[in-house]
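Please examine the chain shown below alongside its sequence. The paragraphs after it give a guided reading, from the overall fold down to individual residues.

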Amino acid sequence: MNVRSGNTASHSKIGSLSRGKRVTVTGKTPNGWYRISHLGKVGYVSGQYLKA
């Protein structure tokens with residue numbers, strides 16, 4: 001899964017996560033994307049790929 005610099009797929013890719021990787025969710029945007037913290041960085045991922 002791609003980690004983006006903003007809350008849409010058109011934002012630049014700043015990293016990626018493999019299946020089953022744990023992240024800390026720090027917020028949710030109105031369009032269904034989540035702000036995450038991972039390895040000291042802040043990024044955004046689509047909620048369709050997250051599992052609680």
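The account begins with the chain as a whole and then turns to particular positions.

The model discussed here is predicted. Its chain contains zero helices and five strands, and from the N terminus on the elements run β-β-β-β-β. The radius of gyration is 10 Å, close to the 10 Å given by the globule rule for 52 residues, so the chain is as compact as a globular protein of that length. Taken along the principal axes, the C-alpha atoms fill a box of roughly 25 × 20 × 15 Å.

An unreviewed UniProt entry carries the annotation "domain: SH3b", which covers residues 1-52. Over residues 1-52, strand accounts for 46% and helix for 0%, and the C-alpha atoms at the two ends of this span lie 16 Å apart. Buried residues make up 25% of the 52 residues in the chain. If contacts between residues at least 6 apart in sequence are considered, 29% of them join residues at least 24 apart.

Ile-36 offers a useful point of entry into the interior. This residue is found in strand E4, which spans residues 33-38. Is Ile-36 buried or exposed? Its relative accessibility is 1%, and because the limit for a buried residue is under 20%, Ile-36 counts as buried. With residues up to four places away in sequence not counted, Ile-36 touches Val-3, Leu-17, Val-23, Thr-24, Val-25, Thr-26, Lys-41, Val-42, Gly-43 and Val-45. Among these partners, Thr-24, Val-25 and Thr-26 fall within the range of strand E3 (24-28), while Lys-41, Val-42, Gly-43 and Val-45 fall within that of strand E5 (41-46). Gln-48, by contrast, lies 12 residues from Ile-36 along the chain, and the C-alpha atoms of the two residues are separated by 14 Å.

Strand E5 also holds Ser-46. At 12% relative accessibility, Ser-46 is likewise classed as buried. Leaving aside neighbours within four places in sequence, Ser-46 is in contact with Gly-32 and Trp-33.

The loops on either side of strand E4 may be taken next. Asn-31 is placed in the loop between strand E3 and strand E4. With a relative accessible area of 40%, Asn-31 is partly exposed. Which residues does Asn-31 touch, not counting those up to four places away in sequence? They are Asn-7 and Thr-8. Thr-8 is 23 residues from Asn-31 in sequence, yet the two C-alpha atoms are 8.4 Å apart in space.

Leu-39 lies in the loop that joins strand E4 (33-38) and strand E5 (41-46). Most residues other than glycine have a negative phi. Leu-39 has a positive phi of about 55 degrees although it is not a glycine. This residue is exposed, with a relative accessible area of 75%.

The final feature is the largest pocket, which holds about 490 Å³ of space. Its lining comprises 14 residues, of which Gly-20, Lys-21, Tyr-49, Leu-50 and Lys-51 lie nearest the centre of the pocket. By class, seven of the lining residues are nonpolar, three are polar and four are charged.

Terms used
Residues numbered from 1 in each chain as written. Predicted model: local features only at pLDDT ≥ 70, side-chain atom pairs only at ≥ 80, totals over all residues. Heavy atoms only, no water. Helix = DSSP H or I, 4+ residues; strand = E, 2+ residues; numbered from the N terminus. Buried < 20%, exposed > 50% of the residue type's maximum accessible area, 1.4 Å probe, protein only. Contact = heavy atoms within 4.5 Å. 1 Å grid on protein atoms, 1.4 Å probe; cavity = no way out; pocket = protein on both sides within 12 Å on 5 of 7 lines; lining within 4 Å. Points joined across faces, edges and corners; volume = space filled by probe spheres on them. Nonpolar A, V, L, I, M, F, W, Y, C, P; charged D, E, K, R; others polar. UniProt positions renumbered as here; feature names shortened; annotations may be inferred. Rg over C-alpha atoms; globule rule 2.2 N^0.38 Å.
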